[in-house]
Amino acid sequence: MNWDSTPTDTAADDGRLVGAAADGEDQAVEAALRPKSLAEFVGQERVREQLDLVLKAARQRGATADHVLLSGAPGLGKTTLSMIIAAEMEAPIRITSGPAIQHAGDLAAILSSLQEGEVLFLDEIHRMSRPAEEMLYMAMEDFRVDVIVGKGPGATAIPLELPPFTLVGATTRAGLLPPPLRDRFGFTAHMEFYAPGELERVIHRSAELLDVTIDASGAAEIAGRSRGTPRIANRLLRRVRDYAQVKADGDVNQDIAAAALKVYEVDGRGLDRLDRAVLEALLKLFGGGPVGLSTLSVAVGEERETVEEVAEPFLVREGLLARTPRGRVATPAAWAHLGLTPPSGGGPGGTGQGDLFGT
Ligand SMILES: Nc1ncnc2c1ncn2[C@@H]1O[C@H](COP(=O)(O)OP(=O)(O)O)[C@@H](O)[C@H]1O
Ligand SMILES: [Mg+2]
């Protein structure tokens, strides 16, 4: 069983307003919202400072930058940073992903067509096939690949020199990378979830690009519900914009943002209907636990995987739910968030709902 709370990059949370994976609409809009330079990239101060040094030093030497590994949850800016790296190096970028590389030959074809100094962005690098991975080791270290010609006993390996290039790998699970691969990156950037103030800056920036008028209180309201994730902040902003346009004069303030997100059932802490259903079952039906995952899932009417992989990681991260060897347990913060009194708290148990959407 998986006890950690690392968000997965499965498609499990597709279609959720607070899901971190990009949906079709996100992909269409994100290109327009992506910061184009390190200076424009909000937050991640340490990563930005370190990356700035790596890139500046390479530029001063007139060399190709070291390989960079970007590790972090979906929606934190890995793809954006890869493009920024290329832009800062004034280099072209080639974009592919681990799942797209089925055979080592696919990778060989890409590598052998790179230009000198080009950035190769390999998204979801932990999902690459084994043979491709081994080819990548040599390419990263020696800028060389062995192209296998022919089949069976007559097959021969023809060494092929590659121009120096910068590999930028992105992964949601740095821990899943084989150490030989991880070690070949000169620099690893660990992306953290964003603080509310940083998300407010992301929201103000996006609002300007989308031509939406938003005040500080409106941005704060959206930021607080965005789960530390710029992609979610941008998506909530778009839904709030719709609401403001249809129900009001188009401008966004705190009341408009709160009312809009109430319609979409995203509460003040960024929990959606599924998250709250899990918490409510845990509190109201099982007195806060411990209760097994299977029992909890049946009570919610969802698959085990949905509860475990879609709802729980954020609840754990928020300190609302704990996974213990005896089962799932609610924390005092969970009772407080749903406006309920814990049975052992001395007060009357289960005193109904608080206003989850209040401000
Ligand atoms: N630091 C940031 N500043 C401003 N916008 C950001 C930042 N990080 C991410 N975004 C925005 O969030 C969206 C998702 O970012 P992306 O780079 O695609 O995330 P990832 O590749 O890690 O899933 C993009 O639209 C991007 O504009
Ligand atoms: Mg990405």
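Of the 359 residues in the protein chain, 36% count as buried, and the model you have open is a predicted one. With the whole chain selected, the C-alpha trace extends over about 75 × 50 × 30 Å along its principal axes, and its secondary structure amounts to 14 helices and 9 strands. If you draw the contacts between residues at least 6 apart in sequence, 68% of them turn out to join residues at least 24 apart.

Select residues 64–197 next, the range to which an unreviewed UniProt entry assigns the annotation "domain: AAA+ ATPase". Over this range the chain is 29% helix and 27% strand, and the C-alpha atoms at its two ends are 35 Å apart.

Before that range, go to Gln-44, which sits in the loop between helix 1 (24–33) and helix 2 (45–61). The backbone here deserves a look in a Ramachandran plot, where Gln-44 has a positive phi of about 50° although it is not a glycine. Is Gln-44 buried or exposed? It has 21 C-beta neighbours inside 10 Å and therefore counts as buried, the cut-off being 20 or more.

Within the annotated range, move on to Glu-124, in the loop that lies between strand 3 (119–123) and helix 5 (130–142). Glu-124 is another residue other than glycine with a positive phi, in this case near 45°. Because Glu-124 has 19 C-beta neighbours inside 10 Å, it counts as partly exposed.

Now display helix 7 (residues 196–209) together with helix 9 (residues 230–247), whose axes are 10 Å apart and which pack at an angle of about 45°. At that angle the two helices, helix 7 and helix 9, are therefore oblique to each other, and their crossing is right-handed. To see the contact itself, show the side chains of Leu-199, Val-202, Ile-203, Ser-206 and Ala-207 on helix 7, and those of Pro-230, Ala-233, Asn-234 and Leu-237 on helix 9. Sorted by class, this contact of helix 7 with helix 9 consists of 7 nonpolar and 2 polar residues, with no charged ones.

Keep helix 9 on screen and add helix 10 (residues 254–263), in which Ile-256, Ala-257, Ala-258, Ala-260 and Leu-261 are buried. What do the buried residues of helix 10 pack against? Their partners are helix 8 (216–223) and helix 9, so that helix 8 should be added to the selection as well. After helix 10 comes Glu-265, whose phi is positive, near 60°.

The last stop is the pair formed by helix 11 and helix 12, whose axes cross at roughly 110° and come within 9 Å. This makes helix 11 roughly perpendicular to helix 12. On the helix 11 side, the contact is made by Ala-277, Val-278, Ala-281, Leu-282 and Leu-285, while Leu-296, Ala-299 and Val-300 contribute from helix 12. By class, the contact of helix 11 with helix 12 has 8 nonpolar residues, with no polar and no charged ones.

Finally, zoom in on Pro-290, which is placed in the loop between helix 11 (273–285) and helix 12 (293–300). Here the peptide bond to inspect is the one from Gly-289 to Pro-290, which is cis, with omega near 5°.

Terms used. Residues numbered from 1 in each chain as written. Chains lettered and ligands numbered in written order. Predicted model: local features only at pLDDT ≥ 70, side-chain atom pairs only at ≥ 80, totals over all residues. Axes fitted to C-alpha atoms, helices over the stretch in contact; angles between N-to-C directions. Helix = DSSP H or I, 4+ residues; strand = E, 2+ residues; numbered from the N terminus. Parallel < 35°, antiparallel > 145°, perpendicular 65-115°, else oblique. Left-handed = near helix turned anticlockwise from the far one by under 90°. Contact = placed C-beta atoms within 7 Å. Nonpolar A, V, L, I, M, F, W, Y, C, P; charged D, E, K, R; others polar. UniProt positions renumbered as here; feature names shortened; annotations may be inferred. Buried ≥ 20, exposed ≤ 12 C-beta atoms within 10 Å, placed from the backbone.
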